[in-house]
Amino acid sequence: MACNENIIKNMASEVTRNCQSHNVIVEEDFVTFLIELLLLNPKYGKLFSKTINRNNLEYFVNECVAMLTKGETSIHTLKMQFVMRTSYGRLEDLVDQHLDSIESCLRPLVTEIVEEEPAADEEAAFKKLFRKISIYIILASGLGNPGQITTLKEGVAALESVFTLEDLKVFITLPTKDKWKRLYELMEIVSGVRLFNRDCKKGGEGITDLPFNLVDAGKACMSTLSNTLMAVMQKVNSLTTAIDGSVVIQEETGNVCVNVDPQFQMDDYNQIFEVLAFYRQYEIYTRKLLGDVEMLVHSATQSVRKLREVLMELHASVKYKAAVPVLTVFPLFADLW
């Protein structure tokens with residue numbers, strides 16, 4: 001096929017502009033998606049099988065514009081496919097993308113932290129570095145906004161409880177790779193301390209009750225999706241009933257034939273087929289969403305249970321004790337986080 005990526009991109013731009021002249025706004029990425037699909041159809045693919053002819057190009061662009069400006073059901077079906085294809089991925093991939101985004105945003109701050117090496121007598125510089133580490137931990141953990149003075153004070157106090165000035169002096173002597181590793185370990189431990197303090201009603205302002213909120217939001221989402229699925233299934237059943245008995249598959253050839261009722265025309269049946277295809281696809285995607293949310297709620301429920309177990313173990317470890325061994329309590333704080 002003579003159409004390469006640049007030609008398809010140019011065609012998409014032209015189709016988008018022509019649609020705008022008809023007061024129809026379409027995303028250029030969707031237009032590209034539509035063009036790539038249409039070129040798989042021999043009716044259009046053969047237009048550019050060898051060379052790019054201006055007349056064929058103009059004809060194809062006009063065909064695309066006509067489809068998009070008419071707003072037929074089949075276009076909405078394709079838009080649904082496009083949205084799911086481009087905006088909805090595996091949960092693991094979405095989480096990884098989110099974590100990569102956070103890491104990318106915080107990389108300049110981390111680089112600044114690991115590159116600072118204040119002299120032993122520069123007390124102000126050490127305090128500034130300590131504050132930067134506290135800000136990094138709050139941002140990386142997502143537990144509040146360090147721009148809020150109360151949150152920042154809690155973050156600094158939590159860091160001070162597990163990381164002394166002497167520890168900081170040792171930290172600046174570490175190799176860069178070990179500094180990055182140590183920062184992440186501190187983030188886990190300090191975040192666990194803040195969560196534990198919140199459970200003890202000692203601070204925690206700005207920290208959302210994420211596991212519990214996730215369960216509640218998931219259940220509400222499941223209810224909405226279940227209601228949507230019921231409504232979609234009613235449409236599917238009605239449309240299927242409307243054409244029931246009209247569609248016949250020939251045993252000899254396997255061809256699909258439509259016995260047109262005298263009261264209707266073939267266009268009426270084609271419209272029903274298109275709407276039925278739309279709702280069947282709507283049903284499939286809704287079931288997929290519902291299944292994923294059910295899995296999410298199950299996972300969140302397990303997280304809540306584990307959270308309670310770790311909190312109980314932490315409370316038992318520190319109860320009636322003035323001092324608790326670091327080797328005992330730090331892993332519990334990390335587990336809590």
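A residue is called partly exposed when its relative accessible area falls between the buried range, under 20%, and the exposed range, over 50%. Lys169 has a relative accessible area of 28%, so Lys169 counts as partly exposed. Keep those cut-offs in mind for the tour below, and remember that this is a predicted model.

**Salt bridges**

Let's stay with Lys169 for a moment. Its side chain meets the side chain of Glu166 in a salt bridge, at 3.8 Å from N to O. Both Glu166 and Lys169 sit in helix H9, which covers residues 165–171, and they are three residues apart, about one turn of the helix. That is one bridge out of a longer list: the structure holds 14 salt bridges. Side chains of opposite charge can pair when their charged atoms come close.

Here are three of the bridges side by side.

| Salt bridge | N to O distance | Helix |
|---|---|---|
| Glu166 and Lys169 | 3.8 Å | H9 |
| Arg182 and Glu185 | 3.6 Å | H10 |
| Glu283 and Arg280 | 2.5 Å | H12 |

In helix H10, Arg182 and Glu185 are three residues apart, about one turn of the helix. Arg182 is partly exposed, at 24% relative accessible area, and Glu185 is partly exposed too, at 30%.

Over in helix H12, Glu283 and Arg280 are also three residues apart, again about one turn. Is Glu283 buried or exposed? With a relative accessibility of 6%, under the 20% cut-off, Glu283 counts as buried. Its partner Arg280 is partly exposed, with a relative accessible area of 39%. Elsewhere, Glu112, Glu116 and Lys132 are joined into one network by salt bridges that share partners.

**Aromatic rings**

Now for the rings. How many aromatic pairs does a search of the whole structure find? It finds ten. One of them is Phe30 with Phe33, a tilted pair with 6.3 Å from centre to centre and 35° between the planes. These two residues are three apart in helix H2 (residues 28–38), so about one helical turn separates them. Both Phe30 and Phe33 are buried.

Phe30 has another ring partner, Phe82, and that pair is edge-to-face, with 5.6 Å between the centres and 70° between the planes. The pair links distant parts of the chain, since Phe30 belongs to helix H2 and Phe82 to helix H5 (residues 73–87), 52 residues apart. In space, though, the C-alpha atoms of Phe30 and Phe82 are separated by 6.7 Å. Phe30 has a relative accessible area of 3%, so it is buried, and Phe82 counts as buried at 10%. Ring pairs link Phe30, Phe33 and Phe82 into a cluster.

What does Phe30 touch, leaving aside residues up to four places away in sequence? The answer is Leu68, Ile75, Leu78, Lys79 and Phe82.

**A buried serine**

Back in helix H10, which spans residues 176–199, you'll find Ser191. This serine counts as buried because its relative accessibility is 1%, under the 20% cut-off. The side chain of Ser191 reaches the backbone oxygen of Met187 at 2.5 Å. Not counting residues up to four places away in sequence, Ser191 touches Ile137, Ser141, Leu143, Leu186 and Trp337.

**Out on the surface**

Leu91, Leu94, Val95, Leu99 and Met295 make up a nonpolar surface patch of about 400 Å². Which helix gives the largest share of the nonpolar patch? That is helix H6 (residues 91–115), with four residues. Met295 instead has its place in helix H12, residues 266–318, and is partly exposed at 45% relative accessible area.

Asp268 also lies in helix H12, and it is partly exposed with a relative accessible area of 32%. From Asp268 to Asp244 is 24 residues in sequence and 14 Å in space, C-alpha to C-alpha.

**Two loop residues with positive phi**

Two residues other than glycine have a positive phi value: Asn23, near 60°, and Lys201, near 65°. Asn23 is in the loop between helix H1 (5–21) and H2, while Lys201 is in the loop between H10 and helix H11 (210–243). Are they buried or exposed? Asn23 is exposed, with a relative accessible area of 71%, and Lys201 is exposed as well, at 74%.

Key: Residues numbered from 1 in each chain as written. Predicted model: local features only at pLDDT ≥ 70, side-chain atom pairs only at ≥ 80, totals over all residues. Heavy atoms only, no water. Patch = residues over 30% accessible without salt bridge, like charges linked within 9 Å, V, L, I, M, F, W, Y side chains within 5 Å. Areas by Shrake-Rupley, 256 points an atom, 1.4 Å probe, with all protein chains shown as cover. Salt bridge = Lys/Arg side-chain N within 4 Å of Asp/Glu carboxyl O. Buried < 20%, exposed > 50% of the residue type's maximum accessible area, 1.4 Å probe, protein only. Polar contact = N/O pair within 3.5 Å; in protein donor to acceptor, adjacent residues only side chain to side chain. Contact = heavy atoms within 4.5 Å. Phe/Tyr/Trp six-rings, centres within 6.5 Å; stacked < 30°, edge-to-face > 60°.
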